[in-house]
Structure formats: C-alpha cells, structure tokens
Amino acid sequence: TLVDFDSSAELGKQFLSQEFEYAHTHSKIIVGGGTTGLALARRLSADFPNKQVLVLEAGRSGADDPLVTVPQRSFSFIGTDIDWLYTTVPQVHASNQSINLSSGKVLGGGSAVNGLVWGRPAKEDWDDFERLGSSGWNWENLYGSARKSETLNVPAAPFAQEYGYSVEPASHGHSGPVDTSFPPFVPLQHLKFIDASLELGHPLNLDPYAGNNTGAWFTLSSQTPRNTRETSEFAYFDPVLHSENLLVCMHAFVTKLDISSAPNGQIKSTGVEVRFPDGSIVSAKVKSHGEVIMSAGAIRTPQLLELSGIGNKDILQALNIPVKLDLPGVGENFEDHTLTIMTYKLKPGFLSFDALSYNATLKQEQQELYDRKRLGWLTFAQAVLNFAPAQTVLSQEELEMAEALLQTKPDSISQDAFDLIKQKITDGIPQAEYLLFNAFSGGPVKENMTSYVSLAITHLHPLSRGSIHINTTSIDDHPKIDPNVLESEWDTWFLAKATAYGRRFFETESFKEIFDSEEVFPGLDTQTDEQWQQFIKDTVNLGYHTVGTASLLPRDKNGVVDPNLKVYGTANIRVADNSISPLLVSAHTQTTAYAIAERAADIIKST
Ligand SMILES: Cc1cc2nc3c(=O)[nH]c(=O)nc-3n(C[C@H](O)[C@H](O)[C@H](O)COP(=O)(O)OP(=O)(O)OC[C@H]3O[C@@H](n4cnc5c(N)ncnc54)[C@H](O)[C@@H]3O)c2cc1C
C-alpha cells in the first residue's frame, strides 16, 4: 500500500498514531525507501505475511516522471525537487573546492537518479569485506545475493549484431525484480572507445560479471526491455503495491529514532519520529520484537543515528545531545570514488547529446521515436566501461615510484584497509575506470552548435578517508560532509597519472577519425606532473558512490554494525544500505546496494 503524507496527511496520521498493524510484534520500520530500503521491504514483507513492514521515505514517487524514467535523462535531476542538494565542505587538499554530492530524494533513492550503469566488482572487493572481519560477507554470498536481484534480458539479435554486444547468461540472475538490458542505440563514439581501448592493448572482457572486471566491456543498464529505467520502486515495490502488510509512505520525513534502555546494558529503539509536510510530528512505534532498520543512505543514516544520541560522545556532547550510546565509528570511514573529466570536441558531422540542445528538429525526432517505439537516443545512458589495473596505466618507472609512495600509510585509513588495497594494486585488480559521457561536462565555455564528449577517469580504490557528522541539532541542516579527498599523496599522484593516460585514447587511430585533435579540457598546455596534479586538485569530483559511514567492521576497529547488521550495543536497530560497505569496490555501487538488501533480508529472516 502506498500513502502520500502530502495529499493524505490525515490518513497518514491515523496510520501512524493509531498504531495500526505495523505495531504488531516482529514488525519492521524501514527508514528510507531508496535502493536498499524498498528491496529489503519487499523481501521482508513476503516472508512475514502476518507482520507489517512500514517504509518511511522523505521524497515522492518517481512514477511517470521523465527525469526518472528516461535513461538518457539520468543526471538531469540535479538541482530539482528530487535532489537532496548536498555539497561537501571546502576540501583542503583540493584547492578548497566544495564538491557537489547530489543524491536522490525520491522513492528508489539512488536507483531512480543514477547513471543506470549495472556493474559488478572484482571478486577480491567483496571478499575484502570478510577479510576486514565480518564473517559471511564474501564474494560467494554477495554474488548469490546480487543475482537474486536481477533478470537479465539478452539483447535482441539485430542490436547484438550491430553493436557487437556480448553477454554470458550464466553470470547473471534470471528471476529477480530488476530488469537489466543493453540499450538499442549506441553512439558511434562509444563503439570507437572499444576500438581505442583494444588499440592501446586493453583486453576485451566478454564476461565481466563473474568476478573479473578488468578490461573494456559493454555494460548492462538497469533498464527494462521497454527501455525505461528500473528503480527499486518500479522493480521491487510496484509489483506488490497492493500487499496489505507492506505500507510505504512518501513525504514522510524521519527526524529521529526514539531510544530507551534494554536488557544487558543495551539500548533499543521504540520507534521513530516522522514529520509531515504540514510540519506536525507523529511517532511510529515498534513493539516488543519489532525492529528499526536504517536505509537512509550513507549520508543520512549517520546523521539520524547521531541526532538520536548514537555516535561519538564528544561530537554529541558538544551539541548537548544526550549520549544514548557511545559509538565512535558512526560517520567515520567515509569514502567515495574520486574522478576527473577531460573534454574533447567531435569533428563536424559527428554528434553527441549536446546536439539535442542546439538542433530542435533532431530533438523532436528523437522524442517522437522514443514516445512511439521506445527506440533511439533517449534509450541510452551508458554502453562501455574500461577498468584498468595500475600496471596498465603506469610505466615500469612509474610503478617503482608507486611502490615508494605506497610505503606511507595516510593517517585517515586503517592499517587493515591500507594493506588490502596495496595487495589489490599488486595483484592487478583494476584501479582506474574510464567512461565516456556522451556530452560536454566540464571545461571552458562551450561553443555553440558543437558536440563534445567527456572522458571520466575514476580512481577506484582511493586511500583518503573522510567523515560525515552533524554540526547542528537540526535535521534540516545538512550534515558536515567531508570526504577529505586527496589527503593521501598516492591518491593525487595516481589520479593525475590515470588522467594523463586518458589522453592516449584520443591519440589512437580509432579516435582520430571522429575527434578534433584539439583537447578542450584540460588542454594541451597541461603536460608536466605538477600541472596534472594541479588540474586534479582544481577539478576533482566525487563518483556519487558514498559508502562506509556505518561500517560493517569489528567494534574495536571503528565498526558500527556486526555481521547481522545490528548496530553494536543495540537490541533492535540495524543498518542496511551502502553505509555498511567497509571498503569501496571497483564498480558502480547500486549492485552492491541491491546485494546488501537481498543478503540483509536473508539474515533478518533467520535471526
Ligand atoms: C547521481 C548519481 C549517479 C550514480 N550512478 C550510478 C550508476 O550509474 N550505477 C551504479 O551502480 N550506481 C550509481 N550511483 C550510486 C548508487 O545509485 C547508490 O550507491 C545507491 O543507490 C545507494 O543506495 P542506498 O540504499 O544506500 O541509498 P539511497 O538509494 O540513496 O536511499 C536512501 C533513501 O533514504 C531516503 N531518506 C534519507 N533521509 C531520510 C529521512 N530522514 N527520512 C525519510 N527518508 C529519508 C532518501 O530520500 C532515499 O530515498 C549513482 C548515484 C548518484 C547519486
């Protein structure tokens, strides 16, 4: 059942204050109806036919909104009503930039606004969760969970032939809620990107979803065979919309958890406080064996825990918040992928999505093609990724420099995580991702009537760690988001080297055919190591892959949740979202979020 607290406030208040069925024993309140929250809610409600699952989501539905549904429009949500509008604090190691960290305020959360890339990490990435001390959180189990979320749609023969798509069905799920597909349109420049990668000696990976993601490959999108976006709302919730024991509330803003004491010196949550759009606050209560599950995402989950008195006592006391539980790991270990963008101009006659803004006829044609047949440019978000190990990006001499740089552990990362990342570098696990955006996305002023592409270069395993903490007692103030990017010398050095390597793609024969030789951004004046490093510091972005702020780690290693996802020291509070990932993976993170949801459901059902 779906209730909108904006249009049906009175009904909503009745539901909450009259303690409807969700207040039964063993009921679950899930805070946040995002990627993980709705996936988990569906699974839990299926298993507890007589118990209630209540999901509280601050945003609205994404249904029928082209900002959400049309693949090509991914990223257009930035600055709209479904964006939380986060930015970081000025980054001291990155020219004092405040970096955008937009995030989905909508049912489906990140899955409703992201770039639709459907990836999968290297085996070692998920195995490292277990190596860091959380038994059962390994590749084998997470891969199994990930496949439960997916239904692979093999590409139709004409498109497979035209673009050279390949897929290994055995490496995918076939009966999960999320449809994954290849788009029926790929821009020429993306096909050339495969050729350019091969020309530079990168391997073509025909099966990147089974634990080895190295090389250039066609990526699936979280997209239906009708070429609309899949979100956790559409995939997991809509099919059970009328289920009586799953109540999803939108415009339901959770302001804090109610906490009381529990046996054995623990604390428990008796429910949560929910603010309605009219400003009134109503408590939603859990009874006896009920639980509160935090799925508010890696930025809001630590904020809500701290506002409720769970976190580092020094931070709480400084704001006069009564300390219910001193748990210093809350809000720590924050990491995100760091990335830079290079921009190139296409030769006259070649077009990118920029043309949609200067060619009205083309725009209309493509819109009609999409509306009538769900074909054409608007079906496309991404097609090709290239994951490269350090050994591919760096020369022999640079590899020796890398070894020297990696002798020093940056202050903010744990010794365990540092050692695992060093091992991954040595073992040739991808460290850099190259991805083409089919439009201008950074650089000096854009010329009229010109099409560009941008190459995003991502550092997959950065060493710098930051934090997300409250700095006021108001839920309406964004927490202080400090990724602490480029604290580590290695992070700056490697991203600079990986970015400089990006220029090589545009020097290949394959690319020369379609690109203007003039590099637009940063421009060929940038040549020396110092210049590249300055470019990185001035322009570094985040990958929108925020993780780690309620880490799945032993408590004495700054952990927040145990392997059953219980917050240490609590009887009935769990976290199930990307804040639990203790280490970033070499992949875009929605598949990890879905895998966490599926695994969390299995764990919660059995504990
Ligand atoms: C712009 C962008 C592009 C991305 N591109 C990709 C990509 O192409 N491929 C990929 O794999 N990953 C991508 N990601 C990352 C991926 O989407 C996220 O890692 C993933 O969706 C996070 O899932 P989550 O469940 O942890 O959080 P979310 O999905 O963010 O869910 C959190 C939910 O909680 C709600 N909420 C927060 N606070 C409250 C509150 N106080 N009360 C009630 N509700 C609340 C939020 O509105 C949200 O719906 C991208 C992310 C973004 C933002």
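This report walks through a predicted model, from the ligand shell to the sheets and a few histidines.

## Around the ligand

Start with the ligand, since several parts of the chain meet there. The shell around the ligand holds 42 residues, and the ones that come nearest are Gly32, Gly34, Gly109, Gly110 and Gly115. Four elements each give two or more residues to that shell: α2 (35-47), β10 (253-261), α9 (297-307) and α19 (590-606). Of these, α9 hands over the largest share, with four residues.

What about the chemistry of the shell? Sorted by class, 24 of its residues are polar, 14 are nonpolar and four are charged.

## Helix α9 and the annotated domain

α9 deserves a look of its own. Is it enclosed or open to the outside? All counted, 11 of the 11 residues of α9 are buried, so the helix is largely enclosed by the rest of the structure. That buried set runs from Gly297, Ala298 and Ile299 through Arg300, Thr301, Pro302 and Gln303 to Leu304, Leu305, Glu306 and Leu307. Note that Arg300 and Glu306 are on that buried list too. After α9 comes glycine 309, which has a positive phi near 90°.

There's also a database label in this region. UniProt, in an unreviewed entry, lists residues 104-127 and 297-311 under "domain: Glucose-methanol-choline oxidoreductase N-terminal". Here is how those two spans look in the model. Residues 104-127 are 21% helix and 8% strand, with 29 Å between the end C-alpha atoms. Residues 297-311 are 73% helix and 13% strand, with the end C-alpha atoms 16 Å apart.

## A six-stranded parallel sheet

Now for the sheets. One of them is open and built from six strands with parallel pairing, in the order β1-β9-β3-β2-β13-β24. At the edges sit β1 (2-4) and β24 (573-575), each of which pairs on one side only. From one strand to the next, the twist averages 20°.

Within this sheet, you can zoom in on one pair of strands. β2 (residues 28-31) and β3 (residues 53-56) run parallel and are joined by four bridges. Across that pairing, valine 31 stands opposite leucine 56 in β3.

## A three-stranded antiparallel sheet

A second open sheet has three strands in the order β10-β11-β12, and here the pairing is antiparallel. β10 and β12 (281-285) are at the edges with a single partner strand each, so one side of each has no neighbour in the sheet. The twist in this sheet averages 30° from one strand to the next.

β10 ties this sheet back to the ligand, as it is one of the elements that give two or more residues to the shell. Its link to β11 (residues 267-275) consists of eight bridges, and the two strands run antiparallel. Among the facing residues, serine 261 has isoleucine 267 in β11 as its bridge partner.

## The two annotated histidines

Back to annotations: the unreviewed UniProt entry marks His545 and His588 as "active site". These two span 44 residues in sequence, yet their C-alpha atoms are no more than 6.8 Å apart, so they gather at one spot.

Where do they sit? Histidine 545 is in the loop between β23 (541-542) and β24, while histidine 588 is in the loop between β24 and α19. Histidine 545 counts as buried, with 25 C-beta neighbours inside 10 Å. Histidine 588 is buried as well, with 27 other C-beta atoms within 10 Å. Setting aside residues up to four places away in sequence, histidine 545 touches Asp336, His337, Leu584, His588 and Thr589. On the same basis, histidine 588 is in contact with Val117, Gly119 and His545.

## Histidine 469

One more histidine links back to α9. Histidine 469 is in strand β20 (residues 467-469). It is buried, with 21 other C-beta atoms within 10 Å. Leaving out neighbours within four places in sequence, histidine 469 contacts Glu306, Ile315, Gly331, Pro479 and Lys480. Of those, Glu306 is one of the buried residues of α9.

How far is histidine 469 from aspartate 482, C-alpha to C-alpha? The two are 8.5 Å apart in space and 13 residues apart in sequence.

Methods:
Residues are numbered from 1 along each chain as its sequence is written. This is a predicted model: local features need pLDDT of at least 70, side-chain atom pairs count only at pLDDT 80 or more; totals for chains, interfaces and linings use all residues. A residue is near a molecule or strand if its C-beta atom, placed from the backbone, lies within 6 Å of it. Ala, Val, Leu, Ile, Met, Phe, Trp, Tyr, Cys and Pro count as nonpolar, Asp, Glu, Lys and Arg as charged, and the others, Gly among them, as polar. UniProt positions are given in the numbering used here, feature names are shortened, and annotations may be inferred rather than shown by experiment. A residue is buried if 20 or more other C-beta atoms lie within 10 Å of its own, exposed if 12 or fewer, and partly exposed in between; C-beta atoms are placed from the backbone. Two strands pair if DSSP finds at least two bridges between them. Axes are lines fitted to C-alpha atoms, for helices over the stretch in contact, and angles run from 0 to 180 degrees between N-to-C directions. Two residues are in contact if their C-beta atoms, placed from the backbone, lie within 7 Å.
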